[in-house]
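Colleague: I am new to this model. Please walk me through it, a step at a time.

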Amino acid sequence: MLTLVRERLGRALFRRVAGPDGPATRARIHQTPGPRWFEPDRPIRVVHGDASMFIGGLSALLLQSLHPLAMAAVAGHSGYRGDPWGRLQRTSTFLAVTTYGTAPDAQQAVDIVRHIHEGIRGTTSEGVPYHATDPHLLGWVHAAETDSFLRAHERFGAHPLDAAGYDGYVADTALVAEALGVSDPPRDRRELCERLTAYRHELRTTPEARAAARFLLFRPPLPLAVRPFYGGLAANAVVLLPPWARGMLWLPRVPVVEDLAVRPTGQALTRTIRWVMTPPREFRPT
């Protein structure tokens, strides 16, 4: 009975994350023979295959929103309010294909994203132009995402890596970032921290960023029955943010509550997700 419950929950969650074509996409990714961008022992496979990505992904969206040009592009073109699940499914599929798929499939996924980026351009409410192909803007999105995934895995991962492993993770993500058009992405954790610091003077809390935070944290398009579980993930995504980012988003720190309730909840939720989403043996990354 417990196995049946786990399988049903796992299928439901997988459909939400991967979409209706998820099973076929998973089969293609893991069963198609051919060279991959990353060998089985690479850190990117460890990090991107862990349930900590649920928390890291939410935290990354909050952090990325602090760049006015990145947030304007998201607000104007991503459809994150009208189709949040579709956006999640496209992002998760891209990560899976570039991390585990064959080299031709990974390159095709990158080419599709670059083509989409070509059409994403406009101006902010203050009249500042943006274009999603801008290497500098892509660099911010990449650095914020990489740092968030790394922090989440370090805190909630089933098998946290050592310092060399996390340096390797940053180096692995740099390969994908360069393919997407990022100029000179960071190659280790020290460079990643320096890169985030270099962007600090460009960051600002815009009305669009606050609206995105309210949507992600307090108004998710979910049934009431599962909102408490999502709330636990969202609370940990906030805790994961750098202190300066929390301050910019007006998300105050409550140390005792976070230490005694929020972080243990994050550990419990990621363990539960890991349990229900254990894939069939034939689809497990090797």
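Colleague: Is Asn 236 buried or exposed?

Modeller: Ground rules first: this is a predicted model, where local features need pLDDT of at least 70, side-chain atom pairs count only at pLDDT 80 or more, and totals for chains, interfaces and linings use all residues. Residues are numbered from 1 along each chain as its sequence is written, and side-chain values use heavy atoms, without hydrogens and water. Buried means under 20% relative accessible area, exposed over 50%, partly exposed in between (1.4 Å probe, protein chains only). The relative accessible area of Asn 236 is 0%, so Asn 236 is buried.

Colleague: Which helix does Asn 236 lie in?

Modeller: Helices (H or I, at least four residues) are DSSP runs, numbered from the N terminus. Leaving aside neighbours within four places in sequence, Asn 236 is in contact (heavy atoms within 4.5 Å) with Ile 55, Phe 156, Val 262, Arg 263, Thr 265 and Gly 266. Asn 236 itself belongs to residues 227–240, helix H12.

Colleague: What about Val 254: which exposure class does it have?

Modeller: Val 254 sits in the loop between helix H13 (243–248) and helix H14 (255–276). Its relative accessible area is 40%, so Val 254 is partly exposed.

Colleague: Which helix gives the most to the largest nonpolar core?

Modeller: A nonpolar core is a set of buried Ala, Val, Leu, Ile, Met, Phe, Trp, Tyr and Cys residues joined through side-chain atoms within 4.5 Å. The largest one has 59 residues, and those with the most contacts inside it are Leu 62, Leu 63, Trp 140, Leu 241 and Leu 249. With 8 residues, the top contributor is helix H8 (residues 135–156).

Colleague: Which residues is Leu 249 in contact with?

Modeller: Leu 249 is among the core residues with the most contacts. Leave aside its neighbours within four places in sequence, and its partners are Leu 62, Ser 65, Leu 66, Thr 205, Ala 209, Ala 213 and Leu 241.

Colleague: At what angle do the axes of H4 and H8 cross?

Modeller: Axes are lines fitted to C-alpha atoms, for helices over the stretch in contact, and angles run from 0 to 180 degrees between N-to-C directions. For helix H4 (residues 53–64) and H8, the axes come within 8 Å and the angle is roughly 145 degrees.

Colleague: How do the residues of the contact of H4 with H8 divide?

Modeller: The contact includes Gly 56, Ala 60 and Leu 63 of H4 and Trp 140, Ala 144 and Phe 149 of H8. Ala, Val, Leu, Ile, Met, Phe, Trp, Tyr, Cys and Pro count as nonpolar, Asp, Glu, Lys and Arg as charged, and the others, Gly among them, as polar. The split is 10 nonpolar, 5 polar and 1 charged.

Colleague: How are H2 and H6 set to each other: roughly parallel or roughly antiparallel?

Modeller: Helix H2 (residues 22–31) and helix H6 (residues 84–100) pack at about 15 degrees, with axes 9 Å apart. Angles under 35 degrees count as roughly parallel, over 145 as roughly antiparallel, 65 to 115 as roughly perpendicular and the rest as oblique. H2 and H6 are therefore roughly parallel.

Colleague: How does H7 lie to H9?

Modeller: Helix H7 (residues 103–118) and helix H9 (residues 163–180) have axes 9 Å apart, at an angle of about 45 degrees. That makes the arrangement of H7 to H9 oblique.

Colleague: Which residues is Asp 188 in contact with?

Modeller: Asp 188 is in the loop between H9 and helix H10 (189–199). Setting aside neighbours within four places in sequence, its contacts are Asp 167 and Val 170.

Methods:
Helix = DSSP H or I, 4+ residues; strand = E, 2+ residues; numbered from the N terminus.
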